[in-house]
Amino acid sequence: MAECGAGGGGSSGDSLDKSITLPPDEIFRNLENAKRFAIDIGGSLTKLAYYSTVQHKVAKVRSFDHSGKDAEQDHEPPYEISVQEEITARLHFVKFENTYIEACLDFIKDHLVNTETKVIQATGGGAYKFKDLIEEKLRLKVDKEDVMTCLIKGCNFVLKNIPHEAFMYQKDSDPEFRFQTNHPNIFPYLLVNIGSGVSIVKVETEDRFEWIGGSSIGGGTFWGLGALLTKTKKFDELLHLASKGQHANVDMLVQDIYGGAHQTLGLSGNLIASSFGKSATADKEFSKEDMAKSLLHMISNDIGQLACLYAKLHSLDRVYFGGFFIRGHPVTMRTITYSINFFSKGEVQALFLRHEGYLGAIGAFLKGAEQDNPNQYSWGENYAGSSGLMSASPELCPTQRARSGTFDLLEMDRLERPLVNLPLLLDPSSYVPDTVDLTDDARARKYWLTCFEEALDGVVKRAVASQPESTDAAERAEKFRQKYWSKLQTLRHQPFAYGTLTVRSLLDTREHCLKEFSFPDPYSKVKQKENGIALKYFQGVVRALDSLGWEERQLALVKGLLAGNVFDWGAKAVSDVLESDPQFGFEEAKRKLQERPWLVDSYNKWLQRLKGPPHKCALIFADNSGIDIILGVFPFVRELLFRGTEVILACNSGPALNDVTYSESLIVADRIAAMDPVVHSALQEERLLLVQTGSSSPCLDLSRLDQGLAVLARERGADLVVIEGMGRAVHTNYHAVLRCESLKLAVVKNAWLAERLGGRLFSVIFKYEVPAE
Amino acid sequence: MKLRPLFPWFVLDIGGTLVKLVYFEPKDITAEEEEEDVDSLKSIRKYLTSNVAYGSTGIRDVHLELKDLTLCGRKGNLHFIRFPTHDMPAFIQMGRDKNFSSLHTVFCATGGGAYKFERDFLTIGDLQLCKLDELDCLIKGILYIDSVGFNGRSQCYYFENPADSEKCQKLPFDLKNPYPLLLVNIGSGVSILAVYSKDNYKRVTGTSLGGGTFFGLCCLLTGCTTFEEALEMASLRDIYGGDYERFGLPGWAVASSFGNMMSKEKREAVSKEDLARATLITITNNIGSIARMCALNENINQVVFVGNFLRINTIAMRLLAYALDYWSKGQLKALFSEHEGYFGAVGALLELLKIP
């Protein structure tokens with residue numbers, strides 16, 4: 001990794017601002033393809049946004065172009081895999097101190113190869129100051145955008161596109177950040193921006209907002225008055241002073257006026273009756289810390305009170321706070337939260353944003369990119385390329401402090417297709433995909449972080465093995481290892497860095513990192529081989545099933561689904577067996593399953609249901625390639641079709657572990673159709689539909705699914721949702737409540753998790769749920 | 001006829017910064033009474049009415065004296081006296097020296113200090129305090145004082161053209177329909193009450209940014225030692241020079257109080273007068289802003305500002321008047337009252353005399 005002043009010690013930045021060399025693979029990535037720019041220059045930080053395209057290697061699967069018998073040869077794979085270049089869109093945001101601005105502009109100029117861009121959107125107070133510099137260096141015309149419009153646009157964008165963007169701050173709880181699940185309807189809300197002054201804006205829709213009030217007592221008051229009182233020049237230092245002070249030495253409290261009697265009167269003696277009320281004397285000295293603390297309380301309380309008064313007047317209960325006064329400072333988040341709770345008596349929620357500092361830049365960018373309709377797309381935070389939420393509290397994390405003072409990154413990938421809620425969710429606003437919140441559960445967090453650390457060697461090995469022809473695979477795999485390892489270490493210290501930490505986010509981060517180093521699908525060959533083997537067994541399995549009586553067959557089908565689910569390269573216990581014994585078969589898997597009664601066992605209820613009328617349409621979320629999809633899911637699908645139930649089979653859009661992808665599922669379905677008339681005619685008659693989920697995660701977020709899938713589920717009147725696999729039915733969605741019947745099944749292939757659930761390795765979860773009447 | 005308490009009739013409102021004392025001086029004392037009165041009572045009357053200053057810090061606001069008032073069938077004058085709360089120990093000591101406890105009268109006090117100093121009154125002064133609720137007293141006092149007027153003049157007033165030094169006028173206001181009323185009491189801190197009738201009111205909210213904040217910050221920033229001094233500094237420049245944007249009114253949305261002080265150069269160039277003025281404007285505008293929001297939320301359009309922060313503080317009053325009018329587009333009216341900080345004490349006196 002190239003050494004750079006920026007990446008090292010941020011505190012010494014002043015002397016390095018002219019001479020830093022920025023490593024292109026670290027900070028301003030993908031500049032050569034950058035096409036749109038926006039810049040937000042604040043009082044001390046600059047935020048640069050640009051839109052660029054990223055070339056990715058992707059593994060594509062394609063059926064062999066012959067329908068003859070050759071493909072049926074034993075050693076012949078069922079389809080071919082080719083690695084192709086794919087171009088995707090990505091938004092890059094970089095935040096750095098204003099002292100670096102010239103060096104950064106020079107760097108951009110040198111690396112901007114073939115942009116046709118002529119204009120740069122600019123916002124923020126500093127946009128005026130640096131206008132000439134930007135125009136001179138970049139030869140782009142500076143187009144100034146309204147600060148507030150940019151802020152609101154940016155806020156809407158992050159609230160819609162970034163899961164766990166908003167959080168509440170709870171002091172004394174661990175962690176202090178309580179992330180909010182994304183509300184399907186973000187409007188209306190109040191945005192209180194605490195810059196030098198305070199602006200209070202009511203946001204009603206995407207395009208409609210109203211500036212309803214403000215106050216001149218804001219961050220500038222804290223800073224200016226604080227500097228006068230304490231002779232401390234820097235904002236951060238003032239906050240630091242405040243965090244050490246005792247305001248009661250300066251403020252007149254209720255107990256100072258009432259004496260000890262406040263208790264009998266039901267008054268809280270610690271309430272401030274008069275800010276600085278005790279400093280009205282000539283013959284006493286006050287400490288800097290105490291005065292700074294008093295000032296901080298005075299300003300935070302005042303802003304909180306005004307925000308509550310405005311929230312009440314406009315009947316709003318969600319208030320987002322931003323601006324430099326707040327920006328990542330636990331001290332101010334704490335005092336503002338206290339004030340909001342106090343003045344609203346808990347009726348108003350003070351919320352903060354992970355990417356608050358980027359709102360202006362995001363908004364300015366969106367303004368400039370209106371013709372590209374960025375709001376039509378769904379975007380996803382790229383965990384590999386984003387710094388995450390740094391704690392600004394030096395006590396909390398001294399090492400991160402130094403880093404956050406230099407370069408902070410956010411990358412967002414434009415997703416192929418818009419993502420929406422599954423219409424079958426009972427209450428989208430309260431849906432939480434993840435079963436365990438690892439930010440909350442320290443024991444589980446330790447376990448899973450260690451688990452992912454230990455699995456890293458194997459993942460690296462597999463990544464290298466997946467690209468035998470590549471000369472630099474080992475080198476890239478090593479970079480991947482370093483990147484993911486450092487992410488895991490960050491998460492150990494700051495579990496809240498990317499919102500709520502979950503098994504899903506750990507898995508997704510790993511996928512993003514793999515992709516970043518051009519390992520698009522490390523399991524493509526494994527999946528290809530397993531699909532080939534499983535296809536050969538399909539007819540035999542189906543024949544055996546068909547020979548059973550009805551009741552016996554239902555149980556066998558369910559066991560097949562479960563047994564198929566044992567084949568999962570994501571779980572260490574299984575990959576150990578599979579690596580050592582490739583012949584590990586379907587029947588053996590069935591034998592490994594726990595005997596009934598299972599750990600969670602509502603099979604009898606399910607069987608009873610099957611004796612009733614058929615479901616209209618089943619939506620099935622498939623898990624693994626190979627035995628799972630071919631010998632587990634397809635026979636189950638076949639039975640449903642047989643009963644007269646239509647089936648929507650949903651597979652991942654992109655690769656994740658050995659999960660079956662949508663394009664693989666198409667080939668597999670074709671191959672099965674060629675062998676099986678039931679599947680064949682169902683595909684022909686569109687009673688069996690294959691769709692993509694819009695996701696590339698081994699887990700499942702039912703609030704971010706491909707729009708096509710959602711539309712189809714609604715059109716076909718899906719009345720049964722089947723979710724299989726540990727990632728989709730245990731790590732996520734275990735507690736998901738649907739409007740229709742649901743079946744969640746998985747084999748617990750992790751001993752620790754099994755124990756936690758009260759079972760043993762290979763315990764079975766069979767959870768059939770019927771919505772309450 | 002009801003039993004009236006024995007003389008002397010005086011009460012205390014002990015706030016965070018100031019003690020307000022209201023004393024009723026009977027002018028219809030009969031010779032018989034004169035004969036009966038104990039020496040200590042005469043001495044109190046003489047001490048309070050023949051002086052305008054007490055010790056180094058006590059002051060009688062002679063201009064506020066209400067003449068020829070009838071209370072409980074007695075005619076007399078009402079005197080208004082104030083001294084800093086930190087001199088309470090000296091006051092209690094004086095009560096002991098002058099042997100107040102021998103008067104066998106009820107000793108009434110309101111304000112937080114009634115609680116804080118209750119024990120000292122008892123142990124040092126041998127006086128049993130009758131503690132009265134400060135908000136009850138405040139409202140009672142305002143309504144009463146408004147009803148008796150100000151020696152033939154109106155008690156309540158407002159400002160016309162507050163932003164214009166040439167045309168600004170202080171005009172009497174007839175509070176004939178007092179309800180509903182938003183009452184903003186600016187003492188050391190600020191309390192805001194919504195008053196719907198004589199006995200129906202609620203405390204809406206309060207803020208700790210009040211008179212104590214103005215004075216406290218001024219002491220720290222300018223080294224001044226008295227409220228008068230702080231106000232004098234704040235008034236030195238003609239701040240009514242026309243353009244109100246200079247103290248961040250129409251432009252408040254982007255303006256920042258003390259925001260310029262983020263710059264080292266400007267900090268070095270700033271004068272004490274500028275700092276005092278900025279402090280006054282910041283605190284006053286903020287109170288105006290909170291009062292306006294409360295008025296909107298409570299759907300009340302007359303706002304009465306009282307409390308000692310407004311004493312000799314025309315700048316603050318005009319600023320409040322202007323801010324309320326400007327931001328409400330003329331819907332809200334800022335009202336003021338001549339006896340600014342004494343209503344709690346007056347209310348306490350009425351309680352003492354059991355005047356409903």
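# Exercises on a predicted two-chain model

A:Lys57 is partly exposed, with a relative accessible area of 35%; partly exposed lies between buried (under 20% relative accessible area) and exposed (over 50%), with a 1.4 Å probe and protein chains only. The model is predicted: local features need pLDDT of at least 70, side-chain atom pairs count only at pLDDT 80 or more, and totals for chains, interfaces and linings use all residues. Residues are numbered from 1 along each chain as its sequence is written, chains are lettered from A and ligands numbered from 1 in the order in which they are written, and side-chain values use heavy atoms, with hydrogens and water left out.

## Exercise 1. Salt bridges within a chain

Task: determine with which residue A:Glu85 forms a salt bridge, and where the two partners lie.

Solution.

Step 1. A salt bridge is a side-chain nitrogen of Lys or Arg within 4 Å of a carboxyl oxygen of Asp or Glu. Side chains of opposite charge can pair when their charged atoms come close.

Step 2. The partner of A:Glu85 is A:Lys57, and their closest N and O atoms are 3.2 Å apart.

Step 3. The pair links distant parts of the chain, 28 residues apart: A:Glu85 belongs to strand β3 (residues 80–97) of chain A and A:Lys57 to strand β2 (residues 45–62) of chain A. Helices (H or I, at least four residues) and strands (E, at least two) are DSSP runs, numbered from the N terminus.

Step 4. A:Glu85 is partly exposed, because its relative accessible area is 46%.

Step 5. For contrast, consider B:Arg60 and B:Glu65, whose closest N and O atoms are 3.4 Å apart in a salt bridge. Both B:Arg60 and B:Glu65 are buried.

Step 6. A further pair is A:Glu769 and A:Lys767, with 3.8 Å between the closest N and O atoms. A:Glu769 is partly exposed at 26% relative accessibility, whereas A:Lys767 is buried at 15%.

Step 7. Salt bridges can also form a network, as they do among A:Arg90, A:Glu411, A:Asp413 and A:Glu516. Over all chains, the structure holds 57 salt bridges.

## Exercise 2. The two sides of a helix

Task: explain why the buried residues of helix α23 of chain A lie on the same side of α23(A).

Solution.

Step 1. The buried residues of α23(A), which spans residues 677–684, are A:Val678, A:Val679 and A:Ala682.

Step 2. These residues lie on the same side of α23(A) because they cover an arc of only 95° around the axis. The arc is that of the directions from the helix axis to the C-beta atoms.

Step 3. An α-helix has 3.6 residues a turn, so residues three or four places apart point the same way.

Step 4. The buried residues of α23(A) pack against α21 (627–642), α22 (662–675) and β21 (688–692) of chain A. The face turned away from the buried side carries the exposed residues A:Pro677 and A:Gln684.

Step 5. At the N-terminal end, A:Asp676 caps α23(A), with a side-chain oxygen 2.9 Å from the backbone nitrogen of A:Val678. After α23(A) comes A:Glu686, with a positive phi near 60°.

## Exercise 3. Contacts of a helix residue

Task: decide whether A:Leu514 is buried or exposed, and list its contacts beyond four places in sequence.

Solution.

Step 1. A:Leu514 lies in helix α15 (residues 503–516) of chain A.

Step 2. Its relative accessibility is 4%, so A:Leu514 counts as buried.

Step 3. Contact means heavy atoms within 4.5 Å. Apart from neighbours within four places in sequence, A:Leu514 touches A:Val459, A:Ala463, A:Phe480, A:Phe519 and A:Pro522.

## Exercise 4. The interface of chains A and B

Task: describe the contact between chain B and chain A, and find the salt bridge between them.

Solution.

Step 1. Chain B contributes 48 residues to the contact and chain A 47 residues.

Step 2. About 3,800 Å² is buried between the chains, with 67% given by carbon and sulfur atoms. Buried area is the accessible area (1.4 Å probe) that two parts lose on being put together, summed over both. In chain B, B:Leu220, B:Met262 and B:Met293 lose the most area to chain A, together 15% of what that side buries.

Step 3. The count between chain B and chain A is one salt bridge. Its partners are B:Glu298 and A:Lys312, at 3.7 Å from N to O.

Key:
A polar contact is a pair of N or O atoms within 3.5 Å; within protein, one must be able to donate a hydrogen and the other to accept it, and residues adjacent in sequence count only if both atoms are side-chain atoms.
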